[in-house]
Amino acid sequence: MCLDRVELKKAQQGNLAAVEKLLKKYERYVFNTALGFFKDSFLAADAAQEAMIKIYRSLGSFRFESSFKSWIFRITVNACKDMLRRQKAEMPLEDSAERLLSDDSASPEQALDAKETKRTIIDAIKSLDDDHRNVIILRELNGQSYDQIARTLDISVGTVKSRIFRARTRLKEILG
């Protein structure tokens, strides 16, 4: 992370090579985060592009009070929510759930069951509040560790564990 700090300071001073290096480094992270919000990879790419523009325009306001990755996550989530509001759409998680539940060797009956299961899980995740949905997306769909989630959301590891526990408990209640 020390290298990010050096690059950030250069970027804030107008060094375009540093800006490009930072944006390139986090491009995939921003896209994967956006993919957790959209069923369509094209929509996720649009949201990621919008987030990257906001990140670029806001680099000068980054104050090193949180990790850069957490700051990027918040901007990306807000860009996705803005896009969803504009489209008056729900928060579909089909692509992420598809990756999690896909089984190429399944029979047609198994594939249909898997699709129904996926729909049920997606609906359950959508019903969670933002705090619980975010930790579930980061943990279960993006595979982040508790420490990574804590840094990303700028919360304590204990809070991450608590939210994941509550989210899983709620999902179990919903799913029976």
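**Figure 1. Two cavities turn up in this predicted model.** A search of the whole structure comes back with two cavities of 30 Å³ or more. This is a predicted model, so treat the views below as views of a prediction. The largest cavity holds about 40 Å³ of space, and the second largest has a volume of about 30 Å³.

**Figure 2. Here is the lining of the largest cavity.** Eight names to look for when you zoom in: Thr33, Phe37, Phe73, Val77, Asn134, Ile137, Leu138 and Asn142. Which helices each supply at least two residues of this lining? They are α4 (68–87) and α7 (130–141). Helix α7 gives the largest share, with three residues. Sorted by character, the lining of the largest cavity has five nonpolar residues and three polar ones, with no charged residue.

**Figure 3. The second largest cavity has its own set of lining residues.** Around this one sit Leu22, Leu23, Tyr26, Met52, Ile55, Leu59, Phe68 and Ile72. Three helices, α2 (16–35), α3 (41–58) and α4, each chip in at least two residues. Helix α2 gives the most, namely three. How many of the lining residues are nonpolar, polar or charged? The split is eight nonpolar, no polar and no charged. Helix α4 is worth keeping in view, as α4 also supplies at least two residues of the lining of the largest cavity.

**Figure 4. Isoleucine 121 sits in helix α6.** That helix covers residues 108–126. Is isoleucine 121 buried, partly exposed or exposed? Its relative accessibility is 23%, and because buried means under 20% and exposed over 50%, isoleucine 121 counts as partly exposed. Now look across to leucine 171: the two residues are 50 positions apart along the chain, while their C-alpha atoms are separated by 8.3 Å.

**Figure 5. Zooming back out, the fold is built from helices.** The protein has nine helices and zero strands, so reading from the N terminus on, every element in the run is an α. Of the 176 residues, 40% are buried. Take the contacts with a separation of 6 or more: 65% of them join residues 24 or more positions apart. As for the outside, the protein exposes about 10,300 Å², and carbon and sulfur atoms supply 51% of that area.

Definitions and conventions. Residues are numbered from 1 along each chain as its sequence is written. This is a predicted model: local features need pLDDT of at least 70, side-chain atom pairs count only at pLDDT 80 or more; totals for chains, interfaces and linings use all residues. Side-chain values use heavy atoms; hydrogens and water are left out. Helices (H or I, at least four residues) and strands (E, at least two) are DSSP runs, numbered from the N terminus. Buried means under 20% relative accessible area, exposed over 50%, partly exposed in between (1.4 Å probe, protein chains only). On a 1 Å grid over the protein atoms alone, a cavity is a set of points where a 1.4 Å probe fits but cannot get out, and a pocket is an open set with protein on both sides within 12 Å along at least five of seven lines; lining residues have an atom within 4 Å of a point. Grid points are joined across faces, edges and corners, and a volume is the space filled by probe spheres set on the points. Ala, Val, Leu, Ile, Met, Phe, Trp, Tyr, Cys and Pro count as nonpolar, Asp, Glu, Lys and Arg as charged, and the others, Gly among them, as polar. Contact means heavy atoms within 4.5 Å. Accessible areas come from the Shrake-Rupley method with a 1.4 Å probe; for residues, only the protein chains shown count as cover.
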